[in-house]
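Visitor: I am new here. Please take me through one part of this structure, slowly and closely.

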Amino acid sequence: MADIAAVVFDVGNVLYHWTPRVLYERLIDDDRALDAFLRDVVTLDWHFQHDQGRPFAETSAELIARHPEHAALIRLWGEKFIDSVGPAVEGMPEIVLELHEGGIPLFAITNFSHEFWAPFHARESALFDPFRDIVVSGAEKLVKPDPAIYRLALERFGLSAEQALFIDDREENVLAAEAEGMRGHLFRDAATLRRELAELALLRSPTV
């Protein structure tokens, strides 16, 4: 196996905490009503359409037609989506900075709406500035774990698969990357990732 020469990150729940509950728990006081709204209305399957590149104007109109009583809350998904993205995952900004300062090229592949990505990326520019390129699924109309998005990313990044360590919190995405020849890391926490990066000589060994 070739030496790992670059690190490719996922974004949601690797670099940043993300859950729709963070947005709507501020707006729906009753826990059971909140659970029902997230389960039956603004579901993850519905949101996945944005990651695939569908515009929010279309998906929201369809959803409002099915749930007109929730029209105002559905519209807020588009207006305030950025508020559903929480703070950086503990320990990850430090890892990104150390890799960058060590001269390791950094990239990302994220399932993310192209409409929602621009304001989020601008808000978090301090963390993303070291990244040389980021493939956003909504812009490409390709989503993980479709093999095509990994091939597109590797070509754009100028990497062979064997040179890349891919980090994601979803096993199916990691397995798909490994099937393309990348080394995969199923993300659980920064400390575990740091140990593997040290084993690959990409970071200093963690302090005992």
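Visitor: Which residues of β6 are buried on one side, and which on the other?

Guide: A word on the model comes before the strand. This is a predicted model, where local features need pLDDT of at least 70, side-chain atom pairs count only at pLDDT 80 or more, and totals for chains, interfaces and linings use all residues. Residues are numbered from 1 along each chain as its sequence is written, and side-chain values use heavy atoms, with hydrogens and water left out.

Now the strand. On one side of β6, A164, F166 and D168 are buried. On the other side, L165 and I167 are buried. Both faces of β6 are therefore covered, since 5 of the 5 residues of β6 are buried, so the strand is largely enclosed by the rest of the structure. Buried means under 20% relative accessible area; exposed is over 50%, and partly exposed lies in between (1.4 Å probe, protein chains only). In a regular strand the side chains alternate between the two faces of the sheet.

Next, the setting. β6 spans residues 164-168. Strands are DSSP runs of E, at least two residues, and helices are runs of H or I, at least four, numbered from the N terminus. β6 belongs to an open sheet of 5 strands, ordered β5-β4-β1-β6-β7 with parallel pairing. Two strands pair if DSSP finds at least two bridges between them. The edges are β5 (133-136) and β7 (183-186), each pairing on one side only. On average, neighbouring strands of this sheet are turned by 20 degrees against each other, direction ignored.

Look at the two neighbours of β6. β1 runs parallel to β6, joined by 4 bridges. There, V7 stands opposite L165 of β6. β7 also pairs with β6 in the parallel sense, over 4 bridges. Here I167 faces H185 in β7.

β1 has a further partner. Residues 6-9 form β1, which pairs in the parallel sense with β4 (residues 106-110) over 3 bridges. V7 stands opposite L106 in β4. Helix α6 (residues 92-101) packs on the sheet and touches β1 and β4, its direction making about 150 degrees with that of β1.

Finally, return to β6. Helix α11 (residues 171-179) lies across β6 and β7. The helix runs at about 170 degrees to β7. Such angles run from 0 to 180 degrees between N-to-C directions, with axes as lines fitted to C-alpha atoms, for helices over the stretch in contact. Contact means heavy atoms within 4.5 Å.
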